[in-house]
Amino acid sequence: MKQIKTLRARFALWQTALILAFLAAFGGFVFFTLSRSLHTAVDDALLLSAEQVLASLREEDGSLQMIAAANGPELVEFNVFTQRGITLIVLSQNGDVLQAIGPFSLDPLPVIPSLSKSGFQTIPETNEIDRIRVYTLPVLDGGQVVGWVLTMQSLSNAEESLDRLRTTLIIGSGLLSLLAGFAGYFLARRALAPIDEITNTARRISTVDLSARLNLPDTGDEVSRLASTFDEMLARIESGFAREHQFTADASHELRTPLTAMQIILSLVREGEHPALEYRQALEDIAEEANRLQELVENLLQLAHGEGGLELHREEIDLALLLVDVGESLRPIAENKHLTLTCNVPPSLVISGDTDQLIRLIVNLLDNAIKYTDRGSITLSAQEMDGYAIIEVADTGIGIPPDHLPHIFERFYRVESARSSGGAGLGLSIARQIVQAHGGRIEVQSETDEGTIFTVYIPIG
């Protein structure tokens, strides 16, 4: 039963059933067509022979007689019919046999004609004779029936031919259907072999090892495309697991750092008595680490929340006013580092977006610019172009080495020279997530020791 439930077995069974049905329909059509043709041929021969006998009849001594050949008493002109097994009989008005030639000429008459019209009859099979087809043709004289012409022929030859055809069709259809079933099973087994390979590969895969691949040759068929799609899916899953594994490892490391620092501070405080100033400093250090931990957790939650697509609460926003407000709120931080923060925005720039997320985006970009700029200026600008609101955050800071530029938007990625800043490497990942959620894109240009420009494109509609 388990084998019958397989796809290849069901395919073979369906193919066998369909071919058997088609062959049965075709065989039935051939059988009935031939049967009708054979019986029609018998009827035509009986009709032709009866009409020829009728045309040759003459009356002698008050009775009907077939014209004999001039060279003898044998009715040689009717030999062509008798050789085909047709019996010719001439009956009187009383039903007496006046003349008879053919295979059934000496047998008792199977039927006694009683109709004034011509017609066919079929005599059922008995122990002595096979089925016989009989044609009765009345002989008329002045509108009165003066006799009959009967032509008879056995249907045994036609029925034997039909029996042989029926047997051939039944045996042939059965054998062809079985052969088609076996061939279908073999072809289905070959065609579905990659499916078994996919199944076996899927069983070998685990979260520990996702490197298994099918690597089947590209034949261009559906199974080949399925195998290729399966390999691509495995590659994406492996890449996703690798990213999640790296994310978990990095998150654990980043979370462990402030917790470890807090534990060390608490251990030192608990060792003996300390001046009040040291306790105050310890509390401030713990508060700083707690703030760092809180910021890290919030960033992680932000990334996790937007993993499947960040949900935005869209509304009409005057982006120019928002940029000015964010710039003014961060200006004191920039001035503490003796940096100049300049805002160049149009009077009004209305877009559809999420206010909180856009504030978080601009804060992240400006915070990075302030953090990695020791001298010079920071410029926040905006403009409308080609259906986009374009935001630029430019600084004159330390810049980003070219080999790091392709990776700066990855989670927990930090340039080596910036690790001392204490960031977790999540700000730019969150920024890209927010921009993509708004249907836009973010780009970066940077030169070492020259500065960095982040450009954000957000659709206005």
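A helix here is a DSSP run of H or I that is at least four residues long, and helices are numbered from the N terminus. Keep that in mind as we walk through this structure, which is a predicted model.

Let's start with helix α3, which covers residues 156-191 and holds isoleucine 171. How exposed is isoleucine 171? Its relative accessible area is 49%, and exposed means over 50%, so isoleucine 171 counts as partly exposed. Ile171 also helps to make a nonpolar surface patch of about 560 Å², together with Ile170, Leu175, Leu178 and Phe182.

Now look at serine 177, which sits in helix α3 too. Is serine 177 buried or exposed? Buried, because its relative accessibility is 2%, and the cut-off for buried is under 20%. What does serine 177 touch, once you skip its neighbours within four places in sequence? The answer is Thr16, Ile19, Leu20 and Leu23. With leucine 20 there's a polar link as well: the serine 177 side chain comes to 3.5 Å from the backbone nitrogen of leucine 20.

Next, head inside. In soluble globular proteins, nonpolar side chains tend to be buried together. The largest nonpolar core in this model has 40 residues, and the ones touching the most other members are Leu361, Ile362, Leu365 and Leu366. Helices α7, α8 and α9 each give this core at least two residues, and so do strands β11, β12, β13 and β14. Take leucine 365 as an example: leaving out residues up to four places away in sequence, leucine 365 touches Val393, Leu428, Ala431, Ile442, Phe454 and Val456. There's also a second, separate core of 17 residues, with Leu64, Phe81, Ile86 and Tyr135 among them.

Key. Residues are numbered from 1 along each chain as its sequence is written. This is a predicted model: local features need pLDDT of at least 70, side-chain atom pairs count only at pLDDT 80 or more; totals for chains, interfaces and linings use all residues. Side-chain values use heavy atoms; hydrogens and water are left out. Patches are made of residues with over 30% relative accessible area and no salt bridge: like charges are joined within 9 Å, nonpolar side chains (Val, Leu, Ile, Met, Phe, Trp, Tyr) within 5 Å. Accessible areas come from the Shrake-Rupley method with a 1.4 Å probe; for residues, only the protein chains shown count as cover. A salt bridge is a side-chain nitrogen of Lys or Arg within 4 Å of a carboxyl oxygen of Asp or Glu. Buried means under 20% relative accessible area, exposed over 50%, partly exposed in between (1.4 Å probe, protein chains only). A polar contact is a pair of N or O atoms within 3.5 Å; within protein, one must be able to donate a hydrogen and the other to accept it, and residues adjacent in sequence count only if both atoms are side-chain atoms. Contact means heavy atoms within 4.5 Å. A nonpolar core is a set of buried Ala, Val, Leu, Ile, Met, Phe, Trp, Tyr and Cys residues joined through side-chain atoms within 4.5 Å.
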